[in-house]
Amino acid sequence: MSRLLLKDVRPYGEGDPVDVLVEGEVIAEIGANLQVDADEIVHAGGSVLLPGFVDLHTHLREPGREDAETVETGSAAAALGGYTAVFAMANTDPVADNAVIVEHVWRRGREVGLVDVHPVGAVTVGLKGEKLAELGTMRRSAAEVRIFSDDGHCVHDPLIMRRALEYTKSFGGVVAQHAEEPRLTVGAQAHEGANAARLGLAGWPAPAEEAIVARDCLLAGHTGGTLHICHVSTSGTADILRWWKSRKTAGAVSAEVTPHHLLLTDDRLETYDPVNKVNPPLRTDADVMALREALADGTVDCVATDHAPHAAQDKDCEWAAAKPGMLGLQTALGIVVRTMVRPGLLDWRGVARVMSERPAEIAGLADQGRPVEVGEPANLVLVDPDAEWTVRGAELASLGENSPFDGMQLPGRVVATLLRGRLTAHEGKVRR
Ligand SMILES: [Zn+2]
């Protein structure tokens, strides 16, 4: 059995440094100055040890757009970003709306072996919003799909949404909603506000998100189904979720926020650089502040990247023609440290909660988001909290280079990632 010794680590950033011995796939021993033989020693210099991150919202672009990302390159980005599990969205080409496609993605993830790749199944056939996909078949497939989403599109028909919540309830599934009332966002290019008006861009109004969130909370409560809200972007949505969760009959509703919605605003639109085009759009400073507060107090459960790589020709073009989305896997931690840890809104236990424990719970993963304790699976990330690094979009592992954080200096660096006891990334390099 392989033995890996992590020397001088601080679990959750608390207390004096200890050593952690990983034997095979589990944490075997934790203590000060362990005197043990090991195949490999990682000298951590007091770095923070956390459970490996879990991303509920990743676009890997395989099958169909392997020029933008593949399971392999996306897995590399995930490992380098501290992730041990990612959920790959269904809006591939062909769409992951059947057992064949989800099993293909799942199998590719296992072959690459850098991160657990869990395919998300489409809610409706072809993401068209008309007819439920074969949810039960995807659940029973080798990929054991548990989360279903038409992400990129909203399940806008309330009856289809109701049926999806009812049907997934029968096997403990989750419906993850991209909340966007399509009739309010026809032609939308940017957050509907002063900046869009000044720049002549068609607006994406906040109520298009909020109306769907409110409706779906009511439907989840009524059906007893499990609802997850993708990429919450407005202060109004945070208010609705806070109100809904305060009710005794709230049922199972969870929500995620992206790193970019915790940091960037629509002031970025000034340059018309499509790297800032994303759906839902970057919003106002007041929204950003409300989302940070909602993440800190648990109204929003977790951080999810909405990692959305694009080929150059889909981003290096005029604003209206550019595809929405931005890279996220390798910059997520740095942005959470900058927006939440440094201002004192979250401590490292809080980071573990929003980037690992809650997403693992929402997804029903038994071996992720576990405590850093003896006997637990060694899915771990080691973070240097004091290191600063400069983002270089072209140097990130993704095939796409569309990072809005290019050139930005971020705090908090991933030193190492372990998947079931094996180093998948160390000192900025992928380990195969
Ligand atoms: Zn989406």
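Here are three short exercises on how two domains meet in a predicted model.

Local features need pLDDT of at least 70 and side-chain atom pairs count only at pLDDT 80 or more, while totals for chains, interfaces and linings use all residues. Residues are numbered from 1 along each chain as its sequence is written, and side-chain values use heavy atoms, leaving out hydrogens and water.

**Exercise 1.** Find the two domains and the distance between their centres.

*Solution.* Start with the bounds, which come from an automatic or database domain assignment: domain 1 covers 3–49 + 376–430, and domain 2 covers 52–363. Then take the centres over C-alpha atoms; they lie 26 Å apart.

**Exercise 2.** Describe the extent of the interface between domain 1 and domain 2.

*Solution.* First, list contacts (heavy atoms within 4.5 Å): 39 residues of domain 1 touch 46 residues of domain 2. Next, work out the buried area, meaning the accessible area (1.4 Å probe) that two parts lose on being put together, summed over both. This comes to about 3300 Å², with 65% from carbon and sulfur atoms. Finally, look at single contributors: Tyr-12, Asn-402 and Phe-405 supply 20% of the area that domain 1 buries against domain 2, more than any other three residues.

**Exercise 3.** How many salt bridges are there between domain 1 and domain 2?

*Solution.* Apply the rule: a side-chain nitrogen of Lys or Arg within 4 Å of a carboxyl oxygen of Asp or Glu. The count between the domains is three. Now try the rule on a pair of side chains: Asp-116 and Arg-420 form a salt bridge at 2.7 Å, N to O.
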